[in-house]
Amino acid sequence: MILSLPFFRLFCLLLILSPFSWGGEITTPIMPLSEVKPGMKGEWRTVVSGTTIESFPLEVVDVIPTFVGPKQPVIFCRALDDHQKDIGTVAGMSGSPVYIDGKLVGAYAYGFPWPKDQALVGLSPIEEMLKVLAYGKSSTVMGQDGSSIPAGAPGPLPLNQEGPRGLKPVPLLLSVAGFSSSVLSDFSSEWEGLGFTLNALSAVGGNEDNAVTSHPEDSGLLAPGSAVAAVLLGGDFKVAAAGTVTWKEGDTLLAMGHPFLSQGGVRIPMASAEIVDIVQSYETSFKLAKIGATVGSFFQDRLTAMAGEVGVFAPVTKLVFNVTTPKGDVRSYKGDLFQNRDLGPLVAAMALSQTIQSTLDAAFEQSYVLKTRIEVEGFAPILQSHVAYGPSGASMLAKAFLSDFRLLLNNRFEFPKVKAVTFDITLQEGIKRVELLEVQVTSGKPKPGGVLELQLKLKDFLGPIRKAVVHIPLPRNRPKGAVELRVGGAEMADVAYEGDDPRLGFRSLGDVITYLRSFRSNDALYIQLVQEAPGMQLGGQAMADMPKSVFSLYETPKAWFKAGFLDVQVLHEVVLPQGGSCVGGPCILGLNLDT
């Protein structure tokens, strides 16, 4: 028997997608791209309310063989119903399957913003979408499995990739629930830098327990045309991207018709979803989605589709927020954070900021102590403590955590398995702020082996000036370099140990964790006696007064790794707890220890 070219191509595709590739067989009737002709009429299926799948007529306009990349085709279609002409492209329609003569042709994936009396859409051909399955099922959370790319399989491209004359992927609108507009605004620039637009109205609370638990009654909802969501944060907060299932056989499915994060092999929690309604907009209408229970995970995120499977769950980081009010009442919030270098820290920081801000009844007259515990598999916990006050303080704490968590997850050695992050937040009445006004030496001329007496003038917020006396032992032998006395907050104290760039001295994930553990709390003043002694920040630790021969090893271009360089060595440090955020200073005094 002689096979025609279209059937030969489909036969080869079925061979690629044999059980050896993804563990199943394709039984869905498929129309090869070569058989799709202008003027053919068909239908696309999607949910516009609840979970009921509805059909809408369309007509093929043409097939463009090269679209977002070489040999990456798109099928142009025109929606025929008047309602779709009015509302145009709808975010959340991505992945809606299109059928001609009962055969699956592709998925609704591209559209023109600002349409006028027409609804032209671009389809990702199902043949191209099925190639995503040839990558196999990733066991990683970041697409770092290092697996080879099968010949002909599409690679990841940015979601904002434009086609001819502004044709764009139908947005996977990042839906959020449980966040105030002020928090979203505060972090909007971070999201925009990653290519996302947040919409606080495009998701409403769904199943409160969308943790990593099997929900077989919900997995049955994931038929072609059903709403599906990629969940970045579940639990008491919701951050998810909703789209539509294109194809499903057994427990394996394809959805969206274009990428979400363009990160290749992934493990992103996958949830069922319901559609409340379609919100119409002149620029881009969108589905108002209700995120359901987690039923599995997406394992590929590629140019033409996301691939997922029911019953296999992505690893998540447990977030716990415990808030203690001034009256002693305790409120707790929980979330399941998907594990990702770029978005994971940002989503967690948003949840922290929202938790703090939602507990401030009188934002300008309260302070809060934040104690953070980060549990990384194979290491002792990272413990940190900070104090802040007022609404700007909530943002400051959240963004400080964002910086630290990014440093941890984006280390160049290995992706850490963060099991849990616990935030203990204690609210206090009033503004807990201590300002350093002045430092005086009150013990006369300093001598080697003697004791230096200092008098600090401090002022509490709306309080009187008070004094504190501190004694600093001086070294018996005169230090080699110049000696200084430094008084200030945590930021000043950390600099003495960090040098120009402590990250240069990291040699392992353990070094990064050691460095993060070393951060001092900002609720204390630090008095440091330092001497001029060039050193290095190596392996997350300060190494002062190093021989010149050691410096030469790390300064050469052939060095295995770099080191951060230090200017001083800390001879003695005194910590003076204040119970509030310490500001002012630093005060620096030069000391003459000549005998």
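α5 and α7 run roughly antiparallel to each other, and this pair of helices opens our exercises. The model is predicted, so to speak of local features a pLDDT of at least 70 is required, side-chain atom pairs count only at pLDDT 80 or more, and totals for chains, interfaces and linings use all residues. Residues are numbered from 1 along each chain as its sequence is written, and side-chain values use heavy atoms, without hydrogens and water.

**Exercise 1. The helix pair**

Work out how helix α5 and helix α7 pack, and which residues meet.

Step 1: Locate the helices, which are DSSP runs of H or I with at least four residues, numbered from the N terminus, just as strands are runs of E with at least two. α5 covers residues 181-193 and α7 covers residues 343-358.

Step 2: Take the geometry. The angle is about 160° and the axes are 10 Å apart; axes are lines fitted to C-alpha atoms over the stretch in contact, with angles from 0 to 180 degrees between N-to-C directions.

Step 3: Classify the angle. Under 35 degrees is roughly parallel, over 145 roughly antiparallel, 65 to 115 roughly perpendicular, and the rest oblique. The pair α5 and α7 is therefore roughly antiparallel.

Step 4: Add the handedness. The crossing of α5 past α7 is right-handed, the near helix being turned clockwise from the far one by less than a right angle.

Step 5: List the contacts (heavy atoms within 4.5 Å). α5 contributes Ser-182, Val-183, Leu-184, Phe-187, Glu-190 and Trp-191, while α7 contributes residues including Leu-346, Met-350 and Gln-354. The contact residues split into 9 nonpolar, 4 polar and 1 charged. (Nonpolar covers Ala, Val, Leu, Ile, Met, Phe, Trp, Tyr, Cys and Pro; charged covers Asp, Glu, Lys and Arg; the others, Gly among them, are polar.)

**Exercise 2. One residue of α7**

Is Gln-354 buried or exposed, and which residues does it touch?

Step 1: Gln-354 sits in helix α7.

Step 2: Its relative accessibility is 10%, so Gln-354 counts as buried. (Buried is under 20% relative accessible area, exposed over 50%, partly exposed in between, with a 1.4 Å probe and protein chains only.)

Step 3: Beyond its neighbours within four places in sequence, Gln-354 is in contact with Gly-178, Phe-179, Ser-180, Val-183 and Phe-237.

**Exercise 3. Backbone oddities in loops**

Compare the surroundings of Met-256 and Leu-462, then check the peptide bond from Gly-585 to Pro-586.

Step 1: Met-256 is not a glycine, yet its phi is positive, about 75°. Met-256 belongs to the loop between β14 (252-255) and β15 (264-279), and is buried at a relative accessible area of 0%.

Step 2: Leu-462, also not a glycine, has a positive phi near 60°. Its loop joins β24 (451-460) and β25 (465-473), and Leu-462 is exposed at 74%.

Step 3: The bond from Gly-585 to Pro-586 is cis, with omega near 0°. Pro-586 lies between β30 (581-583) and β31 (587-591).

**Exercise 4. The whole chain**

How many helices and strands does the protein chain have, and what percentage of its residues count as buried?

Step 1: There are 11 helices and 31 strands.

Step 2: Of 595 residues, 54% count as buried.

Step 3: Among contacts between residues at least 6 apart in sequence, 71% join residues at least 24 apart.
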